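Welcome! Take a moment to turn the molecule around before reading on, and keep the sequence at hand as we walk through it together.

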Amino acid sequence: MRIGELSERTGTPRRLLRYYEEQKLILPDRCANGYRSYDERLVDRVLQIRGLLDAGLPTRIIKQILPCLDKPRRIHFSDATPEMIATLENERDRMSQRIECLTRNRDAISDYLDAVLGNKTAG
């Protein structure tokens, strides 16, 4: 697919996709005419990258952990620094807290909807 379609499908500006390529986070193929050709699997990859960036991880660490997101998972960190490990542990803990908060909020909304919908059908 072309960059415009990848941009549309991921909600990611073209300029940002080019930056991901520059940082070697995504690697599109090149057509004979020089245009970039993006594989279908890059849709999920871009969404993963955006999620990790939103979580606060820098691109240099994202680049190191991207192989762990592939299927089958290939984990090979000969260059994992104490800083990288500490950053990942902190981000993991922060994500876990956000997940717990979202779960509580989802459950509260579900309880509210159950109560509202239960009252409507009972009345």
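Which residues does UniProt list for "domain: HTH merR-type"? The unreviewed entry gives residues 1-68 for this domain. What you see is a predicted model, and in it the span of residues 1-68 is 60% helix and 6% strand. The C-alpha atoms at the two ends of that span lie 25 Å apart.

Let us begin with helix 1, which covers residues 3-10. Its buried residues are Ile3, Leu6, Ser7 and Thr10. Looking down the axis of helix 1, you will find these buried residues within an arc of 100 degrees, so they line one face of the helix. What do they pack against? Their partners are helix 2 and helix 3. Just after helix 1 comes Gly11, with a positive phi of about 70 degrees.

Now we can look at the inside. The largest nonpolar core has 19 residues. Leu6, Leu17, Tyr20, Ile26, Tyr38, Ile49 and Ile62 are the residues with the most contacts inside this core. Helix 1, helix 2 (14-22), helix 3 (41-54) and helix 4 (59-69) each give two or more residues to the core. Helix 3 supplies the largest share, namely five residues.

Tyr20 is a good place to pause. Is Tyr20 buried or exposed? Its relative accessible area is 1%, and because the cut-off for buried is under 20%, Tyr20 is buried. Leaving aside residues up to four places away in sequence, Tyr20 touches Thr12, Leu25, Ile26, Val46, Ile49, Arg50 and Leu53. Two of these names, Ile26 and Ile49, also appear among the residues with the most contacts inside the core.

Next to Tyr20 in the sequence is Tyr19, and the two form an aromatic pair. A pair of aromatic rings is described by the distance of the centres and the angle of the planes. For Tyr19 and Tyr20, the centres are 6.5 Å apart and the planes are 55 degrees apart, which makes the pair tilted. The count for this model comes to one aromatic pair. Unlike buried Tyr20, Tyr19 counts as partly exposed, at 32% relative accessibility.

Finally, find Leu16 in helix 2. Leu16 counts as partly exposed because its relative accessibility is 29%, and partly exposed covers values between the 20% and 50% cut-offs. From Leu16 you can look across to Asp107, 91 residues away in sequence. In space, Leu16 and Asp107 are 35 Å apart, C-alpha to C-alpha.

Terms used. Residues numbered from 1 in each chain as written. Predicted model: local features only at pLDDT ≥ 70, side-chain atom pairs only at ≥ 80, totals over all residues. Heavy atoms only, no water. Core = buried A, V, L, I, M, F, W, Y, C linked by side-chain atoms within 4.5 Å. Buried < 20%, exposed > 50% of the residue type's maximum accessible area, 1.4 Å probe, protein only. Helix = DSSP H or I, 4+ residues; strand = E, 2+ residues; numbered from the N terminus. Contact = heavy atoms within 4.5 Å. Arc of directions from axis to C-beta. UniProt positions renumbered as here; feature names shortened; annotations may be inferred. Phe/Tyr/Trp six-rings, centres within 6.5 Å; stacked < 30°, edge-to-face > 60°.
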